[in-house]
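This report describes selected features of one protein chain, with attention to its secondary structure and to individual side chains. The sequence and the structure follow.

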Amino acid sequence: MARNIKANTSLNISKLVELKNFSSDAEFARFVGVSPALVSRWRSRNTYDVDKIVNAFPEVSMSWLLSGEGSMLKEEKEKEEEYELLPRITEDKGRPYYDVDFLGGYGEFADDPASAPVTYMIDYPPYNKEGVFYMNVRGDSMSPEINSGDLVALRPIEAWYDFLLLGKVYAIVTLSGQRTIKRLRRGSDSEHYTLEPINPAYESQEIPKTQIERVFEVLGGIRRYE
């Protein structure tokens with residue numbers, strides 16, 4: 001969709017890079033889902049694909065992207081206008097919820113989610129994506145971003161060994177059956193990752209890539225509602 005962009009797009013891109021603590025435009029490009037060369041053209045031509053950026057940065061204001069004025073992050077009124085519908089339980093619309101704890105008693109579910117019975121469907125537009133499913137979270141190592149008792153939206157990553165974006169949150173299953181949700185950081189070498197909690201009461205841990213069996217992208221968590 002064509003947009004009338006009046007903002008200084010190069011300046012806005014720099015602010016978005018800073019917002020996510022990206023180390024380079026290339027990392028920003030991977031996050032948005034475009035090539036680094038395209039980001040370079042955006043900067044030089046004072047343009048960008050607003051829709052792609054909004055999809056990657058749902059917390060960022062559309063008005064700010066277009067004009068460069070006002071708050072970069074959405075204000076409450078704008079959030080309410082864009083997400084009038086709260087997550088809803090349905091029978092056939094949205095993505096499946098399995099009443100299973102990711103951090104306890106997960107069994108073979110990681111290998112074949114469809115083998116478990118669907119408790120109900122959750123219709124929440126930001127997470128209504130192919131392959132996404134919901135499970136329970138137990139534990140507070142990622143609090144306050146993801147709290148114990150939340151429902152977490154997961155999407156399997158098939159070719160995870162080839163590339164994972166550092167700084168994002170993933171759900172990881174090890175060969176020994178351990179399960180954890182952590183932010184991914186660079187390890188001591190190319191064959192290790194560091195798993196970083198948000199809660200300062202927990203310590204970061206390094207894990208060899210060879211000990212990882214499955215990886216799921218964590219799209220986000222939603223509070224359980226009765």
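## Helix 1 and its ends

At the start of helix 1, Asn 8 places a side-chain oxygen within 3.2 Å of the backbone nitrogen of Ser 10. This and every other value in the report comes from a predicted model. Just after helix 1, Asn 21 adopts a positive phi of about 60°.

Within helix 1, which spans residues 9-19, the residues Thr 9, Asn 12, Ile 13, Leu 16 and Val 17 are buried. Viewed down the axis of helix 1, these buried residues fall within an arc of 145°, so they line one face of the helix. The buried residues of helix 1 pack against helix 2 (25-32), helix 3 (36-45), helix 4 (50-56) and helix 5 (62-67).

## The mixed sheet

An open sheet is formed by 10 strands, with mixed pairing and the order 1-3-2-4-5-10-6-7-8-9. Its edges are strand 1 (88-90) and strand 9 (205-208), each of which pairs on one side only. On average, neighbouring strands of this sheet are turned by 45° against each other, direction ignored. As a general point, strands of a sheet pair through backbone hydrogen bonds, either parallel or antiparallel.

## Strand 3 and the pairing around it

Strand 3 runs antiparallel to strand 1, and 3 bridges join the two. Arg 88 has Asp 123 in strand 3 as its bridge partner. Strand 3 also pairs with strand 2 in the antiparallel sense, over 3 bridges; there, Arg 95 has Ile 122 as its bridge partner in strand 3. By contrast in direction, strand 2 (residues 95-101) and strand 4 (residues 133-136) run parallel and are joined by 2 bridges. Tyr 97 stands opposite Tyr 134 of strand 4.

In a regular strand the side chains alternate between the two faces of the sheet. Strand 3 (residues 120-123) is covered on both faces: Tyr 120 and Ile 122 are buried on one side, and Met 121 and Asp 123 are buried on the other.

## Arg 183 in strand 7

Is Arg 183, a residue of strand 7 (residues 179-186), buried or exposed? With a relative accessible area of 16%, Arg 183 is buried, because buried residues are those under 20%. A polar atom of the Arg 183 side chain lies 2.7 Å from the backbone oxygen of Gly 167.

Apart from neighbours within four places in sequence, Arg 183 is in contact with Met 142, Glu 145, Gly 167, Lys 168, Val 169, Thr 194, Leu 195, Glu 196 and Ile 198. Gly 167 is thus listed among the contacts of Arg 183 and also supplies the backbone oxygen at 2.7 Å from its side chain.

## Glu 206 in the edge strand

Glu 206 lies in strand 9, one of the edge strands of the sheet. At 40% relative accessibility, Glu 206 counts as partly exposed, because this class covers values between 20% and 50%. The side chain of Glu 206 reaches the backbone nitrogen of Ser 188 at 2.6 Å.

Leaving aside neighbours within four places in sequence, the residues in contact with Glu 206 are Gly 187, Ser 188, His 192, Tyr 193 and Thr 194. Thr 194 appears among the contacts of both Glu 206 and Arg 183. Glu 206 and Leu 184 are 22 residues apart along the chain, and their C-alpha atoms are separated by 9.8 Å.

How values were computed:
Residues numbered from 1 in each chain as written. Predicted model: local features only at pLDDT ≥ 70, side-chain atom pairs only at ≥ 80, totals over all residues. Heavy atoms only, no water. Pairing = 2+ DSSP bridges. Helix = DSSP H or I, 4+ residues; strand = E, 2+ residues; numbered from the N terminus. Axes fitted to C-alpha atoms, helices over the stretch in contact; angles between N-to-C directions. Buried < 20%, exposed > 50% of the residue type's maximum accessible area, 1.4 Å probe, protein only. Contact = heavy atoms within 4.5 Å. Polar contact = N/O pair within 3.5 Å; in protein donor to acceptor, adjacent residues only side chain to side chain. Arc of directions from axis to C-beta.
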